Amino acid sequence: FPTFASLWAYSRISLGLAGAKRILEVMNRENNLDQNAAGYAKPMRGEVEFRDVTFRYGEGEPVLENVSFKVQPGQTVAIVGQTGAGKTSLVRLINRTYDISGGRVLVDGVDVRDWNLENLRRNISIIEQDIFLFSRSISENIAFGKPGATQDEIEEAAKAAQAHEFILSFAEGYATVIGERGVTLSGGQRQRLALARAFLTDPRILMLDDSTSAIDSATEDHIQRAIYAAARGRTTFIITHRLSQIRWADLILVIRGGRLVASGSHEDLLRDSEAYRRIFSE
Ligand code: DCP
Ligand code: MG
């Protein structure tokens, strides 16, 4: 029995040590991005320009190569391209989730590395491909980006995001707890909560990294309206495969294998770009 017990204890301790090592590694990791506290801190207008941008993760092959485009404040940009093309990577360069390897990314004509990092990020919201919600009430989840928001502000944001109705359909309304201990939300509902968050923080640049999951057409219509409202008055990047969302963009960027192969309006691209037509004939 003592031998058996020691073997068991030994395996438990090894597991514990391995786990602790990994946790400590994360806790001790230092952020190598410079906060640039003395950097550019004026209010943001929302102009975005990529100049010959190249980007690679670590030492690997370039994920983006020689990408150049310019977006005026308030415009809506749709980014299209097949899976792995580099769409998510591209938008992450704007708020410096990652820093570029070559070229320049400018916001309001100022290199993002010269911006005060806090000011840059406060003005940019990304709605991620996998929306993260906390196992808390719906109100708390919406107010996540703006602690201290009033209930009125929260409901206002939820209405703008077309989420008010479905929230009220729960018995506890805004106090409904989401997640493991509470209700499960559909992809479309999660997305609208994320949009409500964005309305509340009112960023100058909004990026929507849409999941490709299928959504029924009634929900799609709601989301479409919410996105349309969210895009008004701010620069908006939308990564999507839905034609309904691509069509009304001011500028469409077609990315293939890390390169910008075409850009322009829907009509221009339908006429001129083989790559663009192919996306819709798949
Ligand atoms: N990549 C990487 N390391 C990461 C993330 C991505 O090496 N941490 C690689 C995988 C792809 C390329 O970068 O080859 C582009 O990845 P993206 O996530 O930018 O691609 P998309 O967003 O276009 O793909 P999807 O439509 O699947 O979201
Ligand atoms: Mg992606």
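1. Helix H1 covers residues 2–28, and Met 27 lies in it. The model is predicted. Met 27 has a relative accessible area of 61%. It therefore counts as exposed, the cut-off being over 50%.

2. Met 27 does not stand alone at the surface. Together with Ile 23 and Leu 24 it forms a nonpolar patch there. The accessible area of these three residues together is about 330 Å².

3. Now the ligand site. The residues around ligand 1 include Tyr 57, Val 63 and Gln 129. The run Gln 82, Thr 83, Gly 84, Ala 85, Gly 86, Lys 87, Thr 88 and Ser 89 also belongs to these surroundings.

4. Which helix gives the most to the shell around ligand 1? Helix H2, residues 87–92, does, with 3 residues.

5. By character, the shell around ligand 1 holds 7 polar residues, 3 nonpolar ones and 1 charged one.

6. Polar contacts to oxygen atoms of ligand 1 come from side chains and backbone. In the side chain of Thr 83, an N or O atom sits 2.5 Å from a ligand 1 oxygen. For Ser 89, a polar side-chain atom is 2.5 Å from an oxygen atom of ligand 1. Gly 86 uses its backbone: a polar atom there is 2.9 Å from a ligand 1 oxygen.

7. How much of ligand 1 does the protein bury? Taken alone, ligand 1 exposes 600 Å², and the protein buries 61% of that.

Technical notes. Residues are numbered from 1 along each chain as its sequence is written. Chains are lettered from A and ligands numbered from 1 in the order in which they are written. This is a predicted model: local features need pLDDT of at least 70, side-chain atom pairs count only at pLDDT 80 or more; totals for chains, interfaces and linings use all residues. Side-chain values use heavy atoms; hydrogens and water are left out. Patches are made of residues with over 30% relative accessible area and no salt bridge: like charges are joined within 9 Å, nonpolar side chains (Val, Leu, Ile, Met, Phe, Trp, Tyr) within 5 Å. Accessible areas come from the Shrake-Rupley method with a 1.4 Å probe; for residues, only the protein chains shown count as cover. A salt bridge is a side-chain nitrogen of Lys or Arg within 4 Å of a carboxyl oxygen of Asp or Glu. Helices (H or I, at least four residues) and strands (E, at least two) are DSSP runs, numbered from the N terminus. Buried means under 20% relative accessible area, exposed over 50%, partly exposed in between (1.4 Å probe, protein chains only). A residue is near a molecule or strand if one of its heavy atoms lies within 4 Å of it. A polar contact is a pair of N or O atoms within 3.5 Å; within protein, one must be able to donate a hydrogen and the other to accept it, and residues adjacent in sequence count only if both atoms are side-chain atoms. Ala, Val, Leu, Ile, Met, Phe, Trp, Tyr, Cys and Pro count as nonpolar, Asp, Glu, Lys and Arg as charged, and the others, Gly among them, as polar.
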